[in-house]
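Dear colleague,

I am passing on the model we spoke about, together with some notes on its helices, its core and one of its pockets. Please read the notes with the structure open beside them.

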Amino acid sequence: MVVPLGSPQPVFALPPLDAIPDGEEDKPVDGLALGKIGSMDLPEIVFGAATFSNTYNPDSTITSDIPVRTTRLALRYGINAFDTSAYYGPSEIVLGTALKVLELEFPRSSYKLITKCGRYGFTQAEFDYSPATIRASVKRSLERLHTDYLDTVYLHDVEYVCTPVGPPSGHHAAALADQSAAYGLAPGQEATVWGPGDQTILDAVAELRKLQDEGAVKHIGISGYPLPTLLRLALLVLHTAPYRPLDVLLSYSHSNVQNGTFAAFVPPLRTRAQIPQLLTASPLNMGLLTPRVPAWHPATPELREGARRASEACAAEGWAGGLVDVAVGYGFRLGAELGVPVVVGLSNPGEVHESVRAWRAVREGKDAGKRVALEQRVVEAFGEHAGWSWASPPP
């Protein structure tokens with residue numbers, strides 16, 4: 001549940017550090033160390049802290065010692081950047097409390113905090129990008145995370161607020177080719193404000209820039225699902241006074257074995273929109289590429305059927321870890337090829353170990369030929385829906 005701005009905040013009294021286990025499971029396994037990527041010097045794996053909410057875990061987990069142990073193990077592995085949001089229920093509070101418990105071993109200077117503002121519920125009516133709310137949200141995030149600065153703040157899911165331009169679903173790579181004008185991406189369209197929603201985005205970015213100038217935020221950016229919209233808004237910001245590019249952009253669910261379209265958008269985001277730091281999230285495509293697809297997932301029946309066929313292909317190959325391992329490995333491999341950090345949700349120490357193990361297997365080239373061949377069969381399992389994006393916001 002999202003905690004409304006201005007309401008009493010939940011308190012999570014996690015156990016004191018000396019009461020928290022620190023055994024073998026809490027120690028990193030020796031091996032290849034994570035590298036750093038991009039202008040923000042981010043680790044190749046970024047800790048997705050949406051897991052510190054009831055969307056992914058019950059209260060019995062997020063009020064236990066597991067958040068502290070998970071955060072500590074990640075930091076010990078070098079996963080020293082955390083992605084959260086005001087929208088993720090108590091995530092900021094739980095993460096901030098865990099980091100406070102760990103401050104003697106890991107002071108504030110040893111990690112980066114990334115959060116989001118503007119989204120406070122499921123529907124479009126629960127977005128608020130007004131400058132006053134953006135400022136209040138950032139101030140609350142600072143308090144929740146026990147810090148006097150945030151390394152990055154995104155406007156959360158900008159497609160819910162901006163003026164819609166272009167087809168909402170489909171194969172969005174066409175926006176970079178013959179359909180660019182339909183998506184507002186043709187040369188000469190960069191500075192076009194297509195409606196009041198676009199102006200709202202610009203006003204919110206301006207408020208984030210003020211907070212940046214005040215030292216409360218180091219980097220500002222946008223996040224969302226539809227890649228043509230992210231590119232269009234990034235170009236609009238660049239071509240509107242003061243004519244400065246965004247510092248960072250986060251795309252999710254477009255660097256996976258069902259939809260790898262982000263790879264085509266990376267060059268124009270870097271060169272045309274001049275964004276120095278890109279990130280990608282959700283190599284499991286919000287759970288589509290797992291044994292139990294969440295009931296709330298926006299995937300069509302065709303996508304769900306494709307995921308079933310993909311899982312069967314992995315099982316037929318006898319691949320250890322099945323579709324989940326193939327999908328996570330693909331995400332890490334594509335991230336390395338593109339020079340983009342991958343945000344991965346981590347709920348417990350076991351998931352931290354497993355993510356690092358999968359990353360090492362890919363980076364060290366273990367079974368590389370077999371893995372790439374299986375990835376291709378998984379892509380083919382989605383048929384014409386490979387590279388297909390659903391509508392966001394939903395119709």
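The buried residues of helix H6 pack against helix H5 (196-213), strand S7 (217-224), strand S8 (248-252) and helix H7 (262-271); helices (H or I, at least four residues) and strands (E, at least two) are DSSP runs, numbered from the N terminus. This is a predicted model, in which local features need pLDDT of at least 70 and side-chain atom pairs count only at pLDDT 80 or more, while totals for chains, interfaces and linings use all residues. Residues are numbered from 1 along each chain as its sequence is written, and side-chain values use heavy atoms, with hydrogens and water left out.

H6 is mostly covered, since 12 of its 12 residues are buried, where buried means under 20% relative accessible area with a 1.4 Å probe and protein chains only. Among them are Thr229 and Arg232, alongside leucines such as Leu227 and Leu238. The 12 residues of H6 (residues 227-238) should span 16 Å at 1.5 Å a residue, and its end C-alpha atoms are 17 Å apart, which agrees; the expected span is 1.5 Å times one less than the number of residues.

Helix H4 (residues 131-144) has 14 residues and reaches 20 Å from its first C-alpha to its last, close to the 20 Å expected. Its buried residues include Ile134, Val138, Arg140 and Arg144, and what covers the buried residues of H4 includes helix H3 (91-101), strand S5 (112-117), strand S6 (150-155), H5 and S7. Just after H4, His146 takes a positive phi of about 55°.

The largest nonpolar core (buried Ala, Val, Leu, Ile, Met, Phe, Trp, Tyr and Cys residues joined through side-chain atoms within 4.5 Å) has 119 residues, of which Ile79, Leu155, Ile201 and Leu208 touch the most other members. Leaving aside neighbours within four places in sequence, Leu208 is in contact (heavy atoms within 4.5 Å) with Cys117, Ile134, Val138, Val153, Leu155, Ile220 and Gly221.

In the loop between S8 and H7 lies Ser253, which is buried, with a relative accessible area of 0%. Not counting residues up to four places away in sequence, Ser253 touches Tyr225, Asn259, Ala281, Ser282, Asn285, Met286 and Trp390.

With kind regards

Note on methods. Buried < 20%, exposed > 50% of the residue type's maximum accessible area, 1.4 Å probe, protein only.
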